Amino acid sequence: MSAVLKLLLLSAVTLLVSAQGSENYQNLSESIRIHIDKALDKANEYFTNHYVAYESLLSEPKITADDFYVNVRLMVTTCKKDKEKGYGHRVECVKQKPKTPRINCLVCKKKNGEELIDCVRQKDAKSREDIRSSCPTHPRSYLHGEVTLMSQTGGDDGPQIGCPGCV
C-alpha cells in the first residue's frame, strides 16, 4: 500500500511542477508572449525533432513603443513536433526530455532597427555576445569608452561653470 501511495504522491508533484511551467507562460503579458512565440518558432525550426517549450525569462524584458528586448530559456520536451499544432506554447508539453541542453533565445530590436532572433544552446550563449550586443538594450551594448549621452561634450571647450568635477 505504501508503494502505491508514494507513486501517487510522486505523480501529484510531477503534475504540479508541470502545471507551473505553463501557468508561468500564461501569466505573462501578451506583449512578452508575442516575442517568446517568435523564439519558440525559431528554436523549433533549428533544434531536434522534439518540441521546444518555454521554460523561463533569463532577464527582465524591456518592451517600449520603439524597442524590445526579451531573453528566454527554452527546453527540449518529451513531445514530438507536430506541425499541425504549430510551434507556439503548448500546455501539454512542459516536461523536459532527459539529457537535452537548455536553449537561450534573445529576441530584440537591433540598433539599425532590424529584428534579431538568436537561439543557441545555453552553454554557447557567451560566444554570441558580438551578435547580441547589436541590441541597444543588451547589457553589454554600452561598452567602456563608447560615446553615450553622458560622455558627450558641447562644442565649447572653455571652462564649464556649475558642473561637478569640471575645472
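Which residue's side chain does Asp124 meet in a salt bridge, and at what N to O distance? In this predicted model, the side chain of Asp124 meets that of Arg121, with a separation of 2.9 Å from N to O. Asp124 is partly exposed at 25% relative accessibility, and Arg121 is likewise classed as partly exposed, with a relative accessible area of 34%.

**Salt bridges**

The pair of Asp124 and Arg121 belongs to a description in which the count of salt bridges comes to eight. Three of the pairs are set out below.

| Pair | N to O distance |
|---|---|
| Glu30 and Arg33 | 3.2 Å |
| Glu55 and Arg102 | 2.5 Å |
| Asp124 and Arg121 | 2.9 Å |

The salt bridge between Glu55 and Arg102 links distant parts of the chain, since Glu55 lies in strand S1 and Arg102 in strand S4, with their positions 47 residues apart in sequence. Arg102 has a relative accessible area of 31% and is therefore partly exposed. Glu30 and Arg33, by contrast, both belong to helix H2, where they are three residues apart, or about one turn of the helix. Within this pair Glu30 is partly exposed, because its relative accessibility is 48%, whereas Arg33 has a relative accessible area of 18% and so falls under the 20% limit for a buried residue. Beyond these pairs, Asp118, Arg128 and Arg132 are linked to one another in a network of salt bridges.

**Nonpolar cores**

The largest nonpolar core holds 23 residues, and the members that touch the most others are Ile36, Ala43, Val72, Leu74, Ile103 and Cys105. At least two residues of this core come from each of four elements, namely helix H2 (30–46), strand S1 (50–57), strand S3 (68–80) and strand S4 (102–109). Strand S3 makes the greatest contribution to the core, supplying six residues.

Leu74, one of the members with the most core partners, can be followed further through its contacts. When neighbours within four places in sequence are left aside, Leu74 is in contact with Ala39, Leu40, Ala43, Val52, Ala53, Tyr54, Glu55, Arg102, Ile103 and Cys105. Among these contacts are Glu55 and Arg102, whose side chains form the salt bridge of 2.5 Å described above. The list also includes Ala43, Ile103 and Cys105, which are themselves named among the core members that touch the most others.

Separate from this assembly is a second core of five residues, including Tyr69, Leu106, Cys108 and Cys135.

Notes
Residues are numbered from 1 along each chain as its sequence is written. This is a predicted model: local features need pLDDT of at least 70, side-chain atom pairs count only at pLDDT 80 or more; totals for chains, interfaces and linings use all residues. Side-chain values use heavy atoms; hydrogens and water are left out. A nonpolar core is a set of buried Ala, Val, Leu, Ile, Met, Phe, Trp, Tyr and Cys residues joined through side-chain atoms within 4.5 Å. Buried means under 20% relative accessible area, exposed over 50%, partly exposed in between (1.4 Å probe, protein chains only). Contact means heavy atoms within 4.5 Å. A salt bridge is a side-chain nitrogen of Lys or Arg within 4 Å of a carboxyl oxygen of Asp or Glu.
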